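Visitor: Please choose a single part of this model and take me through it closely. I should also like to understand how that part fits into the whole.

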Amino acid sequence: MRLIEPLWRPALLLAAFFAGWWFAAEREYLPNYLLPTPGQVWTTMTEDWSFLMRNTYVTLYETVIGFVLAALLGLGTAVLIVYSRTLEKAVYPIVLFAQVIPKIAIAPLLVAWFGVGLTPKIVLAVLIAFFPVVISGVAGLRSTDPELLDLSATMGAGPWRTFRKIRFPNSLPHLMSGLKVAVTLAVVGAVVGEFVGAKEGLGYVLLVANGNLDAALLFADLFLMSLIGIVLFVVVEVAEALLIPWHASRRGGVPLATS
C-alpha cells in the first residue's frame, strides 16, 4: 500500500491521457501521419527495437557523462564562489553570462570545433546542466548556520573538516534539488547537440522521423527521450533518499505543498 499510494494518481492521469490520445487518433481528428494511434507507436517500437535501443544508448551515454561532469564542475565552482570573495566577483558574472546564451546558438560552433562525434553533445549537456548545480550548491553551502561554523572554529576544526562535517552535509538538500533539475536538462543538451550534427542518437532519429513524416517513429522516439529523463531523475531521487533521510522532505507524512 505504501508503494501504491503515491503512484495511483499519476497512473490514473496517464491512463486518461492515453485514452484521449487513442480516441482522437481512432476518430482521425488528425491524419494518422500526424497523430498515430498508441498501437501504431507500439508496433514501431517492437519492429525497430534494436535500432531505437542502439540510439537510446548513445543519448543515454552522452547524458550521463555530461551530467556527471556538470555536477563535478558545478560543485567545484560553487565551493570556490563560497570560499573566495575575489573568485565570486570574477566567476559568478561569467557563469551567469554563459547561462543566458542560447545553447542552440552555440551548438553549430561546437560541432565545427569538435566534429560530429560524441564530444559536442557531451559539452552541450555540461553547459546546460552546469548552472543549476552552481546555483543550488552556492545556496546550500551558504545556508549553514553561522553559529555552527563559529562553534567548529572554536573547537579547532580546520576548513576541510568544517566543510566535510558541517557545510557539505547541510548543503545536500539544496544541492540535490539542483541535481534533479540538472539531470533532466542534460537530456535536453544531448538531444539538442544531436539535432545540429549527429549520425546516431535519439535526436538524430527524431530528425529522420520528421523528414520521413513517420509520426509513429517520432512518438516512439519522444517516449524514449522522456523515459531517459524520468529514469535518471528517479536515480537522483533515490540517491537523495539515501544521503539525506533526515531531511523534512524525505519524512513520510510531511506535506510538500500548502493546501
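Guide: Contact here means heavy atoms within 4.5 Å. Helices (H or I, at least four residues) and strands (E, at least two) are DSSP runs, numbered from the N terminus. The model is predicted, so local features need pLDDT of at least 70 and side-chain atom pairs count only at pLDDT 80 or more, while totals for chains, interfaces and linings use all residues. Residues are numbered from 1 along each chain as its sequence is written, and side-chain values use heavy atoms, leaving out hydrogens and water.

The part chosen is the packing of helix H3 (residues 49-83) against helix H10 (residues 215-243). Their axes (lines fitted to C-alpha atoms over the stretch in contact) lie 11 Å apart. The angle between the two helices is about 35°, on a scale from 0 to 180 degrees between N-to-C directions. From H3, the residues that take part are Leu52, Met53, Thr56, Thr59, Leu60, Thr63, Val64 and Phe67. They meet Leu217, Ala220, Leu224, Ile228, Leu232 and Val236 of H10. Sorted by class, this contact holds 11 nonpolar residues, 3 polar ones and no charged residue. In this sorting, Ala, Val, Leu, Ile, Met, Phe, Trp, Tyr, Cys and Pro count as nonpolar, Asp, Glu, Lys and Arg as charged, and the others, Gly among them, as polar.

Leucine 52 repays a closer look. Leaving aside residues up to four places away in sequence, leucine 52 touches Leu217, Ala220 and Leu224, and also Thr44, Met45, Leu202 and Val205.

Several residues of this contact also belong to a wider grouping. The largest nonpolar core has 37 residues, and Leu52, Phe67 and Val236 are, with Met45 and Leu179, those with the most contacts inside it. Such a core is a set of buried Ala, Val, Leu, Ile, Met, Phe, Trp, Tyr and Cys residues joined through side-chain atoms within 4.5 Å. Buried means under 20% relative accessible area, exposed over 50%, and partly exposed in between (1.4 Å probe, protein chains only). Helix H1 (8-26), helix H2 (38-47), H3, helix H6 (119-142), H8, helix H9 (202-211) and H10 each give two or more residues to this core. H8 supplies the largest share, 9 residues. Another core, of 10 residues, lies apart from it and includes Ala78, Val82, Val95 and Leu141.

H8 spans residues 159-196 and contains serine 171. Serine 171 is buried, with a relative accessible area of 1%. Beyond residues up to four places away in sequence, serine 171 touches Gly140 and Leu141. Further along, residues 174-196 are 100% helix and 0% strand, with end C-alpha atoms 33 Å apart.

Another pair of helices may be set beside the first. Helix H5 (residues 103-114) packs with H6 at an angle of about 145°, and their axes are 9 Å apart. Lys103, Ile106, Ala107, Leu110, Val111 and Phe114 of H5 meet Thr119, Pro120, Val123, Leu124, Leu127 and Ile128 of H6. This contact has 10 nonpolar, 1 polar and 1 charged residues.

Finally, the setting as a whole. The protein has 10 helices and 0 strands, and its C-alpha atoms fill a box of roughly 70 × 55 × 30 Å along the principal axes. Of its 259 residues, 37% are buried. Among contacts between residues at least 6 apart in sequence, 71% join residues at least 24 apart.
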